[in-house]
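Please walk me through this protein model. Show how its strands, helices and aromatic residues fit together.

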Amino acid sequence: MWRLRIGAKAEDESYLLTTNNYTGRQTWEFDAGACSPEELAEVDEARRNFLVTRSRCKTSADLLWRMQFLREKKFEQKIPRVEIGSPENISYKDAKTALRRGIHYLTALQAEDGHWPAENSGCLFFEAPFIICLYITGNLEKTLTSEHRKELLRYMCNHQNEDGGWGMHVDGRSSMFCTVINYICLRILGEEAYDDDDKEGSCARARKWILDRGGATYTPLIGKAWLSILGVYDWSGCKPIPPEVWMFPSCSPFNGGTLYIYSRDIFMGISYLYGKKFVATPTPLIRQLRGELYPEPYEKIIWSQARNRCAKEDLYNPQSFLQELFWKSVHIMSEHILGRWPFNKLIRQKALGITMELLHYHDEASRYFTGGCASKPFHMLACWVEDPEGDYFKKHLARVPDYIWIGEDGLKIQSFGSQLWDTALSLQVILASQDVDDDDDDDDDDDDDDDDDEIIRSTFIKGYDYLKKSQLAQNPPGDHRKMFKDLAKGGWTFSDQDQGWPVSDCTAESLECCLVFGSMPSDYIGGKMDVERLYDAVNLLLYFQSKNGGVTAWEAARGSTWLEWLSPVEFMENTMVEHEYVECTGSAIVALARFLKQFPDHRGEEVKRFIKNGVKYIESFQRPDGSWYGSWGVCFTSGTFFALRGLVAGGKTYYNCDAIRRAAQFLLETQNSEGDWGESYLSCRNKKYTPLEGNKTHVVNTGQAMMSLIMAGQMQRDPLPAHRAAKVLINSQLDSGDFPQEEMRGVFNRHVMLNYANYRNYFSLWALVYYTKAMRLLL
């Protein structure tokens with residue numbers, strides 16, 4: 001049986017690096033004898049339920065670790081469930097009871113090291129590159145046991161669409177990129193291309209989908225790179241990613257330092273393999289794939305004509321004629337000049353050396369996580385190409401388990417984990433809920449209240465300790481700017497400290513928690529964080545603000561936005577330079593507004609200016625309909641929630657801010673007849689508010705929109721819209737205190753979705769916190 005292990009050390013630690021004794025590390029292990037028949041039956045039931053319901057919800061509820069934790073903690077939901085009839089009749093006690101039930105459940109999901117585990121996956125191009133890399137290097141069976149492979153096959157079959165293809169994500173329509181690489185993945189895992197006993201097998205249906213749409217030459221660039229590496233495509237049919245790009249001087253408008261952090265990390269690996277023209281040693285399977293992926297004979301494909309092809313299902317960022325002309329000129333320069341004597345000796349070899357030096361630096365600085373699952377297989381393979389027996393490659397292999405996640409739908413690869421993000425938001429909800437409990441004058445259940453208080457105190461101590469251990473204490477080593485790394489000291493990452501990439505909103509939300517913890521008595525919360533570390537976080541947030549008042553996500557914005565015109569990536573937007581984001585700006589304003597009240601003497605004027613300019617940025621990016629586009633969540637309900645948090649923290653109200661009035665109107669106009677909200681992921685792609693099909697409910701969107709209305713003062717003007725939303729949330733709560741899993745709510749680069757399974761808990765409960773507090777004021 002699969003079990004989640006927290007903070008696990010490797011058997012051989014010589015290849016596994018850590019900065020904080022593996023705090024936040026999540027790995028899965030299989031132990032056939034480590035379960036009772038009842039536990040095994042529970043897991044099997046979860047798997048069967050997913051199969052039965054996947055036509056309605058394709059997203060995993062992330063149940064396996066939850067069931068494990070609840071068993072280990074002997075969790076029992078003793079607070080009775082609330083059922084609401086008429087929304088006008090919701091009482092303060094009803095709302096508070098539903099909130100307490102949910103908080104009781106949420107605290108039981110905290111790991112012993114203080115963080116909240118969760119999967120962060122759902123993209124269907126995450127798995128295959130790992131399998132291809134391990135296959136090429138001869139480490140597939142050494143790294144993945146038969147149980148791993150069984151669960152991976154389960155996942156891929158569960159998320160194959162009815163037409164035979166795979167989407168960019170589990171909710172998406174079939175795409176060439178994911179169908180091609182997942183077909184290859186199935187074949188590597190031993191599935192047959194043709195099954196005489198099953199003409200409708202997974203491979204047969206996928207191959208038909210591919211061939212019906214012209215074959216694998218219509219795969220986007222990243223897919224073509226993996227096909228070229230495997231030897232089932234030719235590098236000459238790819239847009240060039242030459243290693244010489246890392247030699248451009250810092251004074252150039254385009255250089256390694258101006259690139260968007262994710263693209264930089266991915267292109268580093270690709271450029272080394274492209275520059276080497278690395279191709280895997282042909283195997284019988286590779287030769288078979290050459291005949292399976294194309295409608296014409298492999299030998300007759302004219303690769304130069306395939307370079308700019310991209311299936312219409314994948315094309316989100318189309319290339320103009322001038323862009324194609326630009327990339328053709330880059331190809332000529334790379335292949336016909338730099339790739340030939342004498343320049344291949346004078347320049348290309350030097351560029352490859354510089355690229356590998358950068359790869360090693362970035363790998364070491366991230367403890368071999370790299371920037372995530374898209375870049376790691378490229379980096380890992382490049383290190384193997386350099387030295388198959390080298391320590392760099394072995395260190396990469398040691399981190400593969402950190403990317404593996406097991407759910408009731410099977411084994412999937414994570415982005416790189418969302419431990420810190422999930423923990424900061426979970427703690428904020430529980431912290432905010434204590435204001436409600438402090439006002440309780442019901443003495444009927446004093447013993448239960450005492451038990452709850454002790455659970456909450458333990459939750460806070462562990463959570464605060466996790467935040468303290470997870471903050472980045474220093475900048476990247478050496479001359480980090482020369483190596484294209486930005487400041488990090490004082491920040492918090494998206495996952496854990498070892499990964500090493502600070503994120504502005506993760507830093508802001510964590511800082512907000514630490515400021516609240518710092519205001520509590522020491523005898524209740526334990527040792528306080530050193531104030532200098534709070535200053536470090538503030539300094540980093542101030543650094544992340546751009547001249548337009550917006551806050552970037554990963555690094556300060558250094559590249560001009562016109563560089564997006566150069567993007568070779570067809571299936572995503574905004575891949576060339578760092579941008580500012582409404583969500584990051586809103587989170588940063590919230591944290592700095594609290595910091596200013598508690599520490600007015602640390603860069604006080606700069607903090608005030610930051611808040612003022614951030615508010616202006618948010619107001620300037622409001623759309624004509626009153627909403628804000630959400631770049632990291634689905635979509636306008638999410639963006640509007642984070643925008644309003646920032647505006648309200650910056651001193652704005654419904655009465656002094658037209659942006660808040662317009663936002664409230666947008667939310668009222670998009671509220672469904674039942675009182676809920678439910679937004680389709682197509683809003684992200686189409687940049688237009690799109691409700692879920694059939695106006696379905698989504699508890700995350702409902703929670704976010706409900707909070708936004710309450711922040712906009714709706715409860716004082718007309719509380720009925722909030723009452724109706726609260727009824728939906730309260731009645732949606734399950735017997736355990738959990739909320740139902742629905743469609744994925746995370747997104748990046750406008751087109752690729754992610755599953756944040758914990759969103760259903762803390763956004764629903766956060767909304768009930770806002771609502772309960774507002775109800776108390778109406779008493």
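What follows goes from the sheets to single residues, then to helices and rings.

This is a predicted model, in which local features need pLDDT of at least 70, side-chain atom pairs count only at pLDDT 80 or more, and totals for chains, interfaces and linings use all residues. Residues are numbered from 1 along each chain as its sequence is written, and side-chain values use heavy atoms, with hydrogens and water left out.

Start with a sheet. Three strands form an open sheet in the order β3-β11-β10, with antiparallel pairing. Strands here are DSSP E runs of at least two residues, and helices are H or I runs of at least four, numbered from the N terminus. Two strands pair if DSSP finds at least two bridges between them. β3 (120–121) and β10 (746–748) stand at the edges. Each has a single partner strand, so one side of each is left without a neighbour in the sheet.

Now take the pairings in turn. β10 and β11 (residues 752–756) are joined antiparallel over three bridges. G746 has L754 in β11 as its bridge partner. The two strands form a hairpin with three residues between them. In that turn, N749 has a positive phi of about 50°. On the other side, β3 pairs with β11 in the antiparallel sense over two bridges. There N120 stands opposite Y756 in β11.

How covered is β11? Five of its five residues are buried, buried meaning under 20% relative accessible area, exposed over 50% and partly exposed in between, with a 1.4 Å probe and protein chains only. In a regular strand the side chains alternate between the two faces of the sheet. In β11, V752, L754 and Y756 point one way. M753 and N755 point the other way, and all are buried.

A second hairpin comes from β6 (residues 404–407) and β7. Four bridges join these antiparallel strands. I404 has I413 in β7 as its bridge partner. Two residues lie between the strands of this hairpin.

Just after β7 comes Q414. It lies in the loop between β7 (410–413) and α17 (419–437). Is Q414 buried or exposed? Q414 has 1% relative accessibility, so it counts as buried. Its side chain reaches the backbone nitrogen of N120 at 2.6 Å. That is a polar contact: a pair of N or O atoms within 3.5 Å, where within protein one must be able to donate a hydrogen and the other to accept it, and residues adjacent in sequence count only if both atoms are side-chain atoms. N120 also stands opposite Y756 in the sheet pairing. Not counting residues up to four places away in sequence, Q414 touches Q26, A118, E119, N120, S121, F126, C373, D402, Y403 and W405. Contact means heavy atoms within 4.5 Å.

G694 offers another loop position, between α26 (682–686) and α27 (699–711). G694 has a relative accessible area of 68%, so it is exposed. Its C-alpha atom is separated by 58 Å from that of Q349, 345 residues apart along the chain.

Turn to the helices. α3 (residues 92–108) has 17 residues and should span 24 Å, the expected span being 1.5 Å times one less than the number of residues. Its end C-alpha atoms are 25 Å apart, which agrees. In α3, 14 of the 17 residues are buried, so the helix is largely enclosed by the rest of the structure.

C506 sits in helix α19 (residues 504–518). With 1% relative accessibility, C506 counts as buried. C506 touches L420, W421, W492, T493 and F494, not counting residues up to four places away in sequence.

Finally, the rings. The structure holds 46 aromatic pairs. Rings of Phe, Tyr and Trp (its six-membered ring) pair if their centres lie within 6.5 Å; planes under 30 degrees apart count as stacked, over 60 as edge-to-face and the rest as tilted. The rings of F326 and W327 have centres 5.3 Å apart and planes at 80°, so this pair is edge-to-face. F326 is partly exposed at 29% relative accessibility, whereas W327 is buried at 9%. Y759 and F763 also pair edge-to-face, at 4.9 Å centre to centre and 90° between the planes. Both lie in helix α30 (residues 759–778), four residues apart, about one turn of the helix. Y759 and F763 are both buried. Ring pairs link them into a cluster with F416, F494, F641, F642, Y756, Y762 and W766. Among these, F494 also touches C506, and Y756 stands opposite N120.
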